[in-house]
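Here's a quick briefing to read with the model open beside you. We'll go through the ligands and then the rest of the chain.

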Amino acid sequence: MTGRTVARQCTLCEAHCGILVTVDHDRVTRIEGNPDDVLSKGYICPKATAMGGLHHDPDRLRTPVRRVGDTFEPVGWDEAFAEIGRRLRALRAEHGPHAVGMYMGNPAAHSSSVLYGILLRTALRTRNFFTASSIDQMPQEFAAWRMFGSNVLMPVADIDRTHRLVVLGANPAVSNGSITTMPGAKQRIRDVRARGGRVVVIDPRRTETARLADEHIAVRPGGDVFLLLAVLHVLLTENLCDTTAVRAQSAGFDDLAALVADTTPEAMAPHAGVDADTLRRLARDHAAAPSAVVYARIGVCQQTTGTLTHWLVNTVNAVTGNLDRPGGQMFTTPPVDAARFGKYLPVGHGSWTDRSGTHKSFRGELPVAALTDEITTEGPGRIRAMITYAGNPVLSTPQRGRLADALRGLELFLAVDMYITETTRHADFILPPVSALEREELNLLFPIFSVRNNARFDARVFEPPAGALEDWQILARLVTEITRLPARRLTGRVLDALFAQLTPLRLTAAAVATGPYGLLRRGRHAVTIRRLRATPGGIDLGPLRPRLPRLIGTRDRRVHLVPDDFRAALARVLAEADQPGTEGYDLQLIGRRHLRSNNSWLHNIPSMVKGRDRCTVLVHPHDAARRGLTEGARATVTSAVGTVTVPVEISTDIRPGVVAIPHGWGHDEPGVGWTVAAGHPGVNVNLLHDPARTDYLSGASAVNNTWVRLAPAPTDPGPAPVPADEPAGQPVS
Ligand SMILES: Nc1nc2c(c(=O)[nH]1)N[C@H]1C(S)=C(S)[C@@H](COP(=O)(O)OP(=O)(O)OC[C@H]3O[C@@H](n4cnc5c(=O)[nH]c(N)nc54)[C@H](O)[C@@H]3O)O[C@H]1N2
Ligand SMILES: Nc1nc2c(c(=O)[nH]1)N[C@H]1C(S)=C(S)[C@@H](COP(=O)(O)OP(=O)(O)OC[C@H]3O[C@@H](n4cnc5c(=O)[nH]c(N)nc54)[C@H](O)[C@@H]3O)O[C@H]1N2
Ligand code: SF4
Ligand SMILES: [Mo]
């Protein structure tokens, strides 16, 4: 067929914007926003065209490959699965199930194949399961679990109706929102102001979002806990709370009052890096607005105080009467109502630990900070084989540069990925799925976090090539291989036949049918796959609706304002607040995202890397001048655990004393199959972050706030010296 246009979504980031893909023969000729899409209404960002770039990328693997020495050669699917099965079964028989580890990355969540990722994890019965969540939203889930009784119950900001939006540690103008999915975030933020509301951005950097706001408050990195404690102090001591609503909805209001009795704006101001008058005003304005919401995301997740900050964010919203009310923080009613069942799922904190006893499991997985040691430390229970699925942990997680060697030393490493990346280049087998444009599905996760209830279908643009497999088919084959019983041929065949019937689309359709808009409740007005196929922009299911107390999973059906373990962790944070910074390091390093990057994996698409180098260290002019750094010059950035050399970008947008480097770069490792990215390598900022720094409660990696120092790089390439005026003797790897 020539010259046709297919409506689906861009599945690169959480926004899942509706796109129209125009195709001429087997080429994508155009990708544009779908004006009929009920959520994105025609908006797309520049990354949408990468959906075509990825499909046609000559570097994308289209057949499985096997390692031979330092290179890869093609291998047939059956041969690959047979050998993988043999080796996995032997390892499990000899060393037990924990000998096989698994890491599931971010794009897994963007496809309904994730169901089979979870099935594989279940079949493996391993304690060594890791996901990108422990460098992302884990603290937010932890706070939700302790306050609302389910980790799925992360409330979203009702941005389209609020009168006051306070953004804390998020940059939706670039990211388009996460756990508050808001495609076209810029317009939605402008609309808050257009209807007379106010927008405040609290961020150490004057971000793209801050430029749209009425006010920008340059908080000190890691200062948010103190800022929020001061806000709560003012709300409670000045009687600015919606006491009737809070007492009806929540437990622990009096405990909260006692907890914040001494956290005055004057006492908190130095730790927050924000003056007391501003803190007081933040509280008063929040209480006075007809509706208001604090929306916080990974800038405050990726901190040692990640869970505590999200707890206090939810608490500020709750005590001002803004939890579960339009314009505040709300829970969605998605077609697959996971939130309703979330409370029945076992969450479990500390059901097991890593072998050193340092890292506790949470909702069935260990924090990724534990991964390298679980591979390299000898002894029973060591990981001997790894499966990575849609992840690039060598770039995306702090491992002191040790993970690559650890992976190389495994007895077996198989990667389900379509590129030879910094991670998968160490694999014995790489098993590539079809391209996203060759999939059809209904994403079941992101409607749980959207600013509006909706159901949207992803139609296939191209038929998958003969013999190609989708992620779920690859994962299902792996399940078959490891669960084969002694009557191997038979069990394998029976499972294969069973899985062929249980496609993710069928499973999702069944979940939708039994959900709030399903056949059982709505009869002929139900949301069905058939109806969705015929409605290319999706079906709008209305604004967010109040859902408490029914949804709550706590025993007393109340929101818990002061969970016991949070109180203890907070005491630790307050005690540590007075301690000075790390000697020899005088700048706080944070991250930043760019419109044309998506974590580590879009830099091989030429249109995503054109223009000037984006992997730079952003420095305030005062800080640059004091160190003799000039625009475009190269600087060495040194932390207690690593050093990188990057170009300097000078800007008054960043708070003095703070520097920012984006993550997802560092493509200059030998053997990586990204030929375009190799020309724009950048550096791996996670070499600077210490894996030992984790959120006190959830164990997630704390990569937004690492003490570093900066110096001009030596002009001749070579190892970076320790500058003479700086105290030496810190470990540098
Ligand atoms: N310092 C620092 N580090 C960070 C962050 C930060 O802000 N600062 N952010 C963190 C966050 S929020 C996240 S989510 C993580 C992401 O961390 P990861 O999930 O580990 O890494 P990604 O960069 O998303 O890499 C995704 C991989 O999946 C592959 N892939 C893409 N689509 C598919 C698919 O459909 N199927 C399969 N099988 N593979 C696919 C890509 O080729 C790529 O190799 O990074 C984190 N790391
Ligand atoms: N273009 C683009 N979009 C993306 C992604 C991408 O890589 N590129 N990744 C996607 C993914 S996986 C995710 S999880 C989301 C993340 O979405 P966001 O949470 O919006 O991510 P960031 O843009 O990293 O925003 C974090 C902000 O926190 C600020 N910050 C750092 N430290 C602190 C602090 O201590 N306190 C406060 N208050 N702020 C702080 C940073 O300056 C930054 O502006 O984005 C998604 N969308
Ligand atoms: S914001 Fe950009 S990358 Fe994200 S879904 Fe929309 S078009 Fe795709
Ligand atoms: Mo993420």
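**Ligand 2 and its pocket**

Let's start with a contact: in ligand 2, an oxygen atom sits 2.9 Å from a side-chain N or O atom of Arg593. Keep in mind that this is a predicted model. Taken alone, ligand 2 would expose 930 Å², and the protein buries 97% of that.

- Ser175 also makes a polar contact with ligand 2: one of its polar side-chain atoms is 2.7 Å from an oxygen atom of the ligand.
- With Asn599 the backbone does the job, putting an N or O atom 2.9 Å from an oxygen atom of ligand 2.
- In total, 31 residues surround ligand 2, and the closest are Ser175, Asp203, Asp224, Gln303 and Ser597.
- Sorted by class, that shell around ligand 2 holds 14 polar, eleven nonpolar and six charged residues.
- Which helix gives the most to the shell around ligand 2? That's α12, with three residues.
- Both α5 and α12 (298–301) supply at least two residues each to the shell around ligand 2.

**Ligand 1**

- Ligand 1 has 32 residues around it, the closest being Tyr103, Asn106, Asp417, Asp471 and Ser600.
- Asn392 uses its backbone here: a polar backbone atom lies 2.9 Å from an oxygen atom of ligand 1.
- Arg439 works through its side chain, with an N or O atom 3.1 Å from an oxygen atom of ligand 1.
- Asn686 pairs with a nitrogen atom of ligand 1 instead, placing a polar side-chain atom 2.8 Å away from that nitrogen.
- How much of ligand 1 does the protein cover? On its own the ligand has 920 Å² of accessible area, and 97% of that is covered.
- The shell around ligand 1 breaks down into 15 nonpolar, twelve polar and five charged residues.

**Ligand 3 and the annotated domain**

- Around ligand 3 you'll find Cys10, Leu12, Cys13, Ala15, His16, Cys17, Ile44, Cys45, Lys47, Ala48 and Asn176.
- By class, the shell around ligand 3 comes out as eight nonpolar, two polar and one charged residue.
- An unreviewed UniProt entry lists residues 3–59 as "domain: 4Fe-4S Mo/W bis-MGD-type".
- Residues 3–59 are 35% strand and 12% helix, and the C-alpha atoms at the two ends of this span lie 26 Å apart.

**Backbone oddities**

Most residues other than glycine have a negative phi, and most peptide bonds are trans. A few spots here go the other way.

- Asn176, one of the residues around ligand 3, has a positive phi of about 60° even though it isn't a glycine.
- Asn176 sits in the loop between α5 (172–175) and α6 (185–194).
- Is Asn176 buried or exposed? It counts as buried, because its relative accessibility is 3% and the cut-off for buried is under 20%.
- Ile179 belongs to the loop between α5 and α6, and has a positive phi of about 45° without being a glycine.
- Ile179 is buried too, with a relative accessible area of 4%.
- Between Leu548 and Pro549 the peptide bond is cis, with omega near 0°.
- Pro549 itself is in the loop between β21 (539–540) and β22 (559–560).

**The chain as a whole**

- The chain has 28 strands and 25 helices.
- The radius of gyration is 25 Å, close to the 27 Å that the globule rule gives for 733 residues, so the chain is as compact as a globular protein of that length.
- Its C-alpha trace spans about 70 × 70 × 55 Å along the principal axes.
- What share of the 733 residues counts as buried? The figure is 62%.
- Leu227, in helix α7 (residues 224–237), is one buried example, at 2% relative accessibility.
- The C-alpha atoms of Leu227 and Glu669 are 41 Å apart, and 442 residues separate the two along the chain.

Definitions and conventions
Residues numbered from 1 in each chain as written. Chains lettered and ligands numbered in written order. Predicted model: local features only at pLDDT ≥ 70, side-chain atom pairs only at ≥ 80, totals over all residues. Heavy atoms only, no water. Helix = DSSP H or I, 4+ residues; strand = E, 2+ residues; numbered from the N terminus. Buried < 20%, exposed > 50% of the residue type's maximum accessible area, 1.4 Å probe, protein only. Near = heavy atom within 4 Å. Polar contact = N/O pair within 3.5 Å; in protein donor to acceptor, adjacent residues only side chain to side chain. Areas by Shrake-Rupley, 256 points an atom, 1.4 Å probe, with all protein chains shown as cover. Nonpolar A, V, L, I, M, F, W, Y, C, P; charged D, E, K, R; others polar. UniProt positions renumbered as here; feature names shortened; annotations may be inferred. Rg over C-alpha atoms; globule rule 2.2 N^0.38 Å.
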